[in-house]
Amino acid sequence: MRFLASVLAAATFYGAATAIQTIEAVGNKFFTSDGKQWFMKGIAYQLVPDDPLVDTEQCMRDADLMKTLGANTIRVYHVDPDADHDGCMSAFAEAGIYTMIDMDTFATYIIPTAPAWNQTQFDAYKKVMDAFQGYDNLLGLFVGNEIISQSNHSLAAPFIKAAARDLKAYRSSMGYREIPVGYSAADIAELRPMLQNYLTCGGNASENIDFFGLNSYEWCDPSTYETSGYAVLEAQAKNFPVPIFFSETGCNTGEGGRTFEDQAAIFGPHMVDDWSGSMIYEWIAEANDYGLISYGPAVDPTATGENVVGGFTVKGTPTPVAPDFDNLKSQWATISPTGVSKSAYDAKKVSTRDCPQPTSGWLVNGNVALPSLGATLSSSGYEAVPSATGSAADASSTQNAVSGSNEIAGMAVGLVGVSMIFTFWL
């Protein structure tokens, strides 16, 4: 009964009971509202497919254990903007934990093989921003996750940038605080450096993302900074113009527990000046064996029940998974970077990236014109979609944004030469 009373109190007195500083992105760093640089120690948190931030009691139990672990951030991939999130957001705020929320869903994400950015998508993303903007522990919002995962997907990049542009403009028009809006990328070697540069190039901050997250599993213990590939990631992130961090990490080879030795590198002298931390995949134990906790033993995969999803219990008292939980706790306990104060930081020192030129994998040529709201990609360029779900008042067609038509209908087919590259130009 005492725990239930605490739950009700958290749900009832959200705002009055919580006090957590907001976080902003300045240059390539995050700062708290009192001017201290902030570093992410995060966990991917998606207990149920739809929205894990609606069960206040469960959030309180998990937040309490996350605080013991040393976490200060969670990432949630799917939410219901019409639900009540006060109790869960309060529970995490009380534990000093921020949230990063993905705005897209399986029904509204930008499809890489047929990219479009329409009013239906925009309205759905706006609803997520509206639902969470009032919480001080909202750290950031993602416009997409791993949309570009193959070489012939890069034509979707201007649509990702257009989504960020429109959500940031909406944020300003509503008078919301400058909640960072960014993207979470797949770690594809022939695409990653071009994508991260493209999303931050051109010199127009209103069109660029506010942060770049990387889902990387390059470091599989035992490894080192040099042999893991982290040295390459760092070289490509040196003086990056916006905060860059690992939005997923924690390779699991299935051979014993994870030791999370990469955390010492991410927060160590090689990378700490350019990276803002990491998020470990993931909180709950599922079939992939990446979980840090479990709510009970696995059950028959065909079993059904209110708190059973895919053969695993998704509610209850979180129990640490050994040895991963304690290994991560031990790593994070040794990490306490101080960074630089906002007053002493000169954001002009970070580099402005050049817009990348086409390669055999990256197909977007330089600082291309972005699609208007309501546009889709065709062989002749950006075209307005004449439908209720795709049209918008400012939709327009940019003819000849793309040259060539022999591959546009089959974007899943690999490109074999520079002569077959779709070339964008202003």
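Student: Which residues line the largest cavity here?
Tutor: Trp-219, Asp-221, Thr-249, Gly-250, Cys-251, Arg-258, Phe-260 and Asp-262 line the largest cavity. On a 1 Å grid over protein atoms alone, a cavity is a set of points where a 1.4 Å probe fits but can't get out, and lining residues have an atom within 4 Å of a point. Keep in mind that this is a predicted model, where local features need pLDDT of at least 70 and side-chain atom pairs pLDDT 80 or more, while totals for chains, interfaces and linings use all residues. Numbering starts from 1 along each chain as its sequence is written, and side-chain values use heavy atoms, without hydrogens or water.

Student: OK, and how does that lining split by class?
Tutor: The largest cavity is lined by 3 nonpolar, 2 polar and 3 charged residues. Nonpolar is Ala, Val, Leu, Ile, Met, Phe, Trp, Tyr, Cys and Pro, charged is Asp, Glu, Lys and Arg, and polar is the others, Gly among them.

Student: How much space is in there?
Tutor: The largest cavity holds about 40 Å³, counted as the space filled by probe spheres set on grid points joined across faces, edges and corners. The structure has 2 cavities of 30 Å³ or more.

Student: What about the largest pocket, what's its volume?
Tutor: About 450 Å³. A pocket is an open set with protein on both sides within 12 Å along at least five of seven lines. There are 22 lining residues, and Ala-205, Ile-209, Asp-210, Pro-241 and Val-242 are the closest to the centre of the largest pocket.

Student: And the chemistry of that lining, by class?
Tutor: For the largest pocket the lining divides into 10 nonpolar, 7 polar and 5 charged residues.

Student: Which elements feed into the pocket lining?
Tutor: Strand S1 (23-26) and helix H5 (157-173) each give at least two residues to the largest pocket. S1 has the largest share, with 3 residues. Helices (H or I, at least four residues) and strands (E, at least two) are DSSP runs numbered from the N terminus.

Student: Switching topic: how many strands are in the barrel?
Tutor: The closed barrel has 8 strands, in the order S4-S5-S6-S8-S9-S10-S11-S12, with parallel pairing. Pairing takes at least two DSSP bridges between two strands.

Student: How many bridges join S9 to S10?
Tutor: 5 bridges join S9 (residues 181-186) to S10 (residues 211-215), and these strands run parallel.

Student: Which residue in S10 stands opposite Ala-185?
Tutor: Leu-214 in S10 stands opposite Ala-185.
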